Amino acid sequence: MAASDSAKGSLLRVAFGNVFAAFILLLIGVLAFSIRLFSVIKYESVIHEFDPYFNYRVTQFLTKNGIYEFWNWFDDRTWYPLGRVIGGTVYPGLTLTAGTMWWVLQSLNIPLSVETICVFTAPVFSAFAAWSAYFLTKEVKGTGAGLTAAALLAMVPSYISRSVAGSYDNEAVAIFALIFTFYLYIKTLNTGSLFYATLNAIAYFYMVCSWGGYTFIINLIPMHVLLCIVTGRYSPRLYIAYAPLVVLGTLLAALVPVVGFNAVMTSEHFGSFLVFIIIHVVALVYYIKGILSPSMFRVAVTLVVSVGLAVCGAVLAVLIALVASSPTMGWSGRSLSLLDPTYASKYIPIIASVSEHQPPTWPSYFMDINVLAFLVPSGIIACFLPLSDASSFVVLYIVTSVYFSGVMVRLMLVLAPAACITSGIALSEAFNVLTSSIKFQLPGALANSQNEAGDTELTSAVTQTETVKIENSEGLPKEESKKAEKSDGLVKERASRKHKKKDKEKEKDSVKNTTFKSQLEKRLQVLPLESSVVAIFLLVLLGAFYVVHCVWAAAEAYSAPSIVLTSRSHDGLHVFDDFREAYSWLSHNTDVDDKVASWWDYGYQTTAMANRTVIVDNNTWNNTHIATVGTAMSSPEKAAWEIFNSLDVKYVLVVFGGLVGYPSDDINKFLWMVRIGGGVFPHIKEPDYLRDGSYRIDSQATPTMLNCLMYKLSYYRFVETDGKAYDRVRGTEIGKKYFKLTHFEEVFTTHHWMVRIYKLKSPKNRIRGKTKKSKTKSSSSSTGSAKRNQKKKNPWQ
């Protein structure tokens with residue numbers, strides 16, 4: 001009865017624990033979703049940044065025209081006059097996910113707009129990512145560590161920065177796919193189930209559809225497999241976890257148009273194929289070892305290894321030939337930037353010009369992962385106690401992600417899940433040790449330990465008698481045992497009684513020794529009661545500090561959409577909506593077929609919000625086209641007019657922050673235009689724009705700088721009533737104030753002068769610029785613009 005009651009009690013505890021864990025997971029999902037809604041609450045339901053506008057435009061096309069039209073869509077609104085095949089150059093995972101959500105809701109008669117679905121896709125999938133982190137960590141270190149890791153990931157600022165409401169970018173679903181793929185790999189590794197191996201390949205396929213960072217998966221998993229083989233941890237479960245992923249995953253990845261044959265032809269994937277061959281050689285060696293004698297095994301291993309080396313040599317020769325035929329050795333520019341942090345700045349300035357491709361600073365680690373940076377080393381140590389296949393994968397994951405995050409600040413996003421998992425393991429193990437120490441030293445703990453020792457003695461004695469009975473009953477057949485009992489009954493009974501007494505005494509001594517050893521081990525691991533209580537209090541305080549920092553980051557640092565800016569001053573809150581003001585003007589005051597030139601940063605927004613054709617955009621696939629625009633911006637006015645006119649450009653858009661102090665304007669980006677343009681057109685040289693190696697826009701600036709198109713379009717009419725022209729971003733007086741434009745005319749400047757739009761003059765007006773009609777037009781336009789700008793006040797004054 002006591003045993004049945006204890007069994008029922010243990011079952012009830014397990015059931016209650018599972019229900020409680022499910023309830024906590026539900027709360028974590030709600031937390032992950034709600035903490036990302038500050039942008040909608042404080043501002044409005046709007047798409048953020050630059051790339052999400054392209055994704056939103058593609059999703060609109062998909063929901064309106066269907067998936068077949070999407071695959072064959074040739075977009076003539078971008079990269080004029082080249083155009084772009086959208087279906088073959090985009091990762092479709094995010095778009096297909098949001099489109100599927102929209103179709104499902106429409107079928108359920110829930111009339112949400114496509115924009116609303118796009119805004120809330122990232123918060124929804126952040127909850128899925130937190131749950132995936134729970135399952136992954138649970139496979140490594142148990143339920144407690146899994147819940148802790150899920151709670152940390154739900155709030156980590158690095159992930160919030162890419163998944164706030166409105167941040168409709170590929171990483172919104174890619175981080176979930178990354179963690180879920182790793183979970184299925186670990187699950188397959190622990191169970192050896194072919195079912196989970198198939199799901200792992202499908203999850204990898206979803207990751208390939210979602211983000212170009214899938215190459216991290218297809219290189220990290222082979223590294224772990226090779227590590228297991230080298231350290232002697234090969235098992236059939238390892239083979240089942242890896243082989244289907246390479247075969248089925250590669251076949252599925254090749255179905256994605258943007259990947260295609262790159263899944264088997266680029267250097268990023270060659271490592272997985274090489275490990276695939278190695279694991280088959282190892283599997284064959286283990287199989288031969290099981291069926292042959294030791295002498296024959298040596299001969300067979302020699303043959304297998306020699307054949308395996310020959311095959312590996314042939315494969316390596318083919319791979320080397322393929323790599324040698326490529327100027328970049330088969331690697332993409334971004335991959336080479338990760339392997340060599342100086343590569344982009346030397347050879348591909350278009351990659352180096354992106355702010356998120358720069359190396360992070362130390363404060364950015366504290367900003368993005370906060371206290372997790374201090375818990376990660378403890379989590380790594382906990383993974384070695386004991387070291388398993390799953391925990392070794394976590395260690396490899398955190399080490400590689402730390403390296404890649406140190407090369408490129410964008411990959412802090414890959415570090416965040418690994419930091420949350422290792423920190424969750426560290427916190428869980430610390431709480432286990434501390435709470436066990438307190439529990440062991442509570443009043444009545446000694447009595448409970450003695451009762452437990454008595455129970456163990458009783459159960460061990462019962463099991464011992466049962467095993468003796470079973471051995472006596474199953475040792476001989478019934479007839480022979482009866483004869484033996486008749487002949488040797490008395491002798492065996494006496495001997496058995498003596499042996500039973502001795503066995504009972506030995507069993508009692510062994511139980512006492514084991515209980516004493518276990519209690520001694522527990523006492524050696526126990527911390528002082530006061531220290532344990534203080535340590536738990538400090539850990540709770542650390543967690544509270546982490547929560548406060550995450551809420552602040554979500555509410556203040558990462559919620560402001562780049563399309564709408566705000567600033568506080570002594571006279572209150574100022575809202576800068578100049579971007580939408582400029583795009584609205586383009587949409588309502590220009591022809592549908594007009595072409596707009598700007599730096600590539602604003603291409604996606606111009607196409608999506610103004611519905612106008614752009615020369616370059618954020619896809620940055622054609623370096624020559626971008627260099628052409630950079631050359632035009634770096635050239636004198638006449639040469640720039642000729643370049644833009646050859647591209648059929650009607651309007652030029654520049655972003656200027658000198659009046660209101662907006663630092664991310666085109667003047668601050670101008671040197672990258674010079675570098676990218678000079679990489680293709682040698683007559684553009686960066687030293688011509690620098691004075692003694694420094695970049696200046698004041699009176700000490702070089703004549704080349706003062707006469708280039710970007711300077712003129714930014715500072716045209718930038719003179720206040722007192723004759724001063726102070727740039728609040730650069731903190732200096734501009735060098736050239738009073739100048740006129742001969743080939744361009746100003747047609748619109750936003751309220752805070754953040755976006756300025758110019759129109760190319762026609763050749764007739766450019767050549768015959770002294771006619772009365774043109775004088776009247778120019779004087780009226782300049783008078784009107786002067787009156788308009790007199791009404792504008794500086795919000796910072």
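The legends below accompany an overview and several close-up views of a predicted model.

**Figure 1. Overview of the predicted protein model, with its 35 helices and 13 strands.** Of the 797 residues of the protein, 47% count as buried. The protein exposes about 39500 Å², and carbon and sulfur atoms supply 63% of that area. Among contacts between residues at least 6 apart in sequence, 72% join residues that are at least 24 apart.

**Figure 2. Close-up of helix H10, which covers residues 171-191.** From its first C-alpha to its last, this helix of 21 residues reaches 30 Å, close to the 30 Å expected at 1.5 Å a residue. H10 is mostly covered, with 18 of its 21 residues buried. Just after the helix comes Gly 192, which takes a positive phi of about 70°.

**Figure 3. Close-up of the largest nonpolar core, a set of 184 residues.** The residues with the most contacts inside this core are Phe 182, Phe 579, Phe 644, Val 652 and Phe 744. Helix H10 contributes the largest share of the core, namely 14 residues. Apart from this core lies another one, of 10 residues, which includes Ile 28, Ala 32, Ala 130 and Ala 154. In soluble globular proteins, nonpolar side chains tend to be buried together.

**Figure 4. Close-up of the surroundings of Phe 744.** When residues up to four places away in sequence are not counted, the residues that Phe 744 touches include Trp 641, Phe 644, Val 652, Leu 709 and Leu 713. Also among the residues touched by Phe 744 are Glu 637 and Ala 640, together with Tyr 758, Lys 759, Leu 760 and Lys 761.

**Figure 5. Close-up of an open sheet of five strands, in the order S6-S5-S7-S13-S12.** The pairing in this sheet is mixed. Strands S6 (613-614) and S12 (744-749) stand at the edges and have a single partner strand each, so one side of each is left without a neighbour in the sheet. Strand S12 runs antiparallel to strand S13 (residues 755-760), and five bridges join the two; the bridge partner of Glu 745 in S13 is Lys 759. S12 and S13 form a hairpin with five residues between them, and Trp 753 in the turn has a positive phi of about 60°.

**Figure 6. Close-up of the hairpin formed by strands S3 and S4, with two residues between them.** Strand S3 (residues 565-569) and strand S4 (residues 572-576) run antiparallel and are joined by five bridges. Within this pairing, Thr 566 has Val 575 in S4 as its bridge partner.

**Figure 7. Close-up of the salt bridge between Arg 717 and Glu 746, whose closest N and O atoms are 2.8 Å apart.** Arg 717 lies in the loop between helix H33 (709-715) and strand S10 (726-727), whereas Glu 746 lies in strand S12, so the pair ties together parts that are 29 residues apart in sequence. Arg 717 is partly exposed, with a relative accessible area of 22%, while Glu 746 is buried, with a relative accessible area of 15%.

**Figure 8. Close-up of the network of salt bridges that links Arg 162, Asp 169, Glu 171 and Arg 410.** Within this network, the side chains of Glu 171 and Arg 162 meet in a salt bridge (3.8 Å, N to O). Both Glu 171 and Arg 162 are buried.

Terms used: Residues numbered from 1 in each chain as written. Predicted model: local features only at pLDDT ≥ 70, side-chain atom pairs only at ≥ 80, totals over all residues. Heavy atoms only, no water. Helix = DSSP H or I, 4+ residues; strand = E, 2+ residues; numbered from the N terminus. Buried < 20%, exposed > 50% of the residue type's maximum accessible area, 1.4 Å probe, protein only. Contact = heavy atoms within 4.5 Å. Areas by Shrake-Rupley, 256 points an atom, 1.4 Å probe, with all protein chains shown as cover. Expected span 1.5 Å × (residues − 1). Core = buried A, V, L, I, M, F, W, Y, C linked by side-chain atoms within 4.5 Å. Pairing = 2+ DSSP bridges. Salt bridge = Lys/Arg side-chain N within 4 Å of Asp/Glu carboxyl O.
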